[in-house]
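Reader: I'd like to learn how to read an interface and its salt bridges. Can you walk me through one?
Author: Sure, let's put it on screen and go step by step.

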Amino acid sequence: MATNDYTAILNELKGEITNMVVSSASAYADAAKHDAQALLSDMDANLQTWTQQLATGEISAQDLAFLVKTQKDLMKMQALKQAGLSAIAVDKLKNDVINVITSTIIGKI
Amino acid sequence: MKGNFMVANLKKGLILSLLILLVGCFSVSTFDQYVYTQTTSLKVDALNVMDRATTDYASQSDVVADLQSKLQKIYEYERNRPKNEISLQLWNTLLASDGNLLGGFLQRWKTETKLHATFISEEKKLVGRAFDEIAGLESGKIKASQISLSK
């Protein structure tokens, strides 16, 4: 394979991989933002519900304190899941890069 | 001529090495159907057991023990999967008896013997979501069939 061929292949790969990185990062950022907004919205609704339930005597002050701490634990889990999904997004990107490299190079060697 | 041939082979070798290195560098375990199925199944079991917390803990201790045994089995399975630290941290948070999700709920039920229906109903929503987080992470993992060099 001539040097010129490698340059062409590298340029082709550079373009494809750059596009993949940009679209992967954008898709992940959108999903993470959506999850964070849903989380805040849920928390707000829950706090309103529990405060009303406390006022009407449906739950005790201890119940309310427990539920708030549960919400905090759940938020920790949601953050952990996002961290995991972020790492998976990087793994998927690596996998896609491998696919592009193999299909581009193997096809031309 | 011979030099060009050697350079081409060297480049092919480098590319292959790079590919193998990339696959070996995956940071999270691949998708496991058994874990996903068990997690969704245990969610149903756990929420059903929580419903019983309006009655005396002692009368339900066998049901709780059965649930805890199932949870311990999936936990052990998860603990022994490589590159599975985040899933394990999720299970730890869900099951911690000094926490406030399922483990903490069961501990509180044991201590206080009975819990109020409204509290149980609200706590169930959060515990259900917690199981969803574990299942959601698992379903987001790469399937073994999607890994490039395994095709």
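Author: One term before we start: buried means under 20% relative accessible area. Also keep in mind that this is a predicted model.

Reader: Okay, then are B:Arg108 and A:Asp63 buried or exposed?
Author: Both B:Arg108 and A:Asp63 are buried. They form a salt bridge, with the closest N and O atoms 2.8 Å apart. That pair crosses between chains, from helix α5 of chain B to helix α2 (residues 61-108) of chain A.

Reader: How many salt bridges does the rule find across the interface of chain B and chain A?
Author: Three. One of them joins B:Glu133 to A:Lys81, the closest N and O atoms being 3.4 Å apart.

Reader: And how do I read the size of an interface?
Author: The size is often given as the accessible area lost when the parts come together. Here, chain B and chain A bury about 3,800 Å² between them, and carbon and sulfur atoms give 67% of that. B:Asn100, B:Leu126 and B:Glu133 supply 16% of what chain B buries against chain A, more than any other three residues.

Reader: What about a salt bridge within one chain, say B:Lys125 with B:Glu122?
Author: Check the spacing and the accessibility. Both residues sit in helix α6 of chain B, three residues apart, about one turn of the helix. B:Lys125 counts as partly exposed because its relative accessibility is 47%, whereas B:Glu122, at 5%, is buried.

How values were computed
Residues are numbered from 1 along each chain as its sequence is written. Chains are lettered from A and ligands numbered from 1 in the order in which they are written. This is a predicted model: local features need pLDDT of at least 70, side-chain atom pairs count only at pLDDT 80 or more; totals for chains, interfaces and linings use all residues. Side-chain values use heavy atoms; hydrogens and water are left out. Buried area is the accessible area (1.4 Å probe) that two parts lose on being put together, summed over both. A salt bridge is a side-chain nitrogen of Lys or Arg within 4 Å of a carboxyl oxygen of Asp or Glu. Helices (H or I, at least four residues) and strands (E, at least two) are DSSP runs, numbered from the N terminus. Buried means under 20% relative accessible area, exposed over 50%, partly exposed in between (1.4 Å probe, protein chains only).
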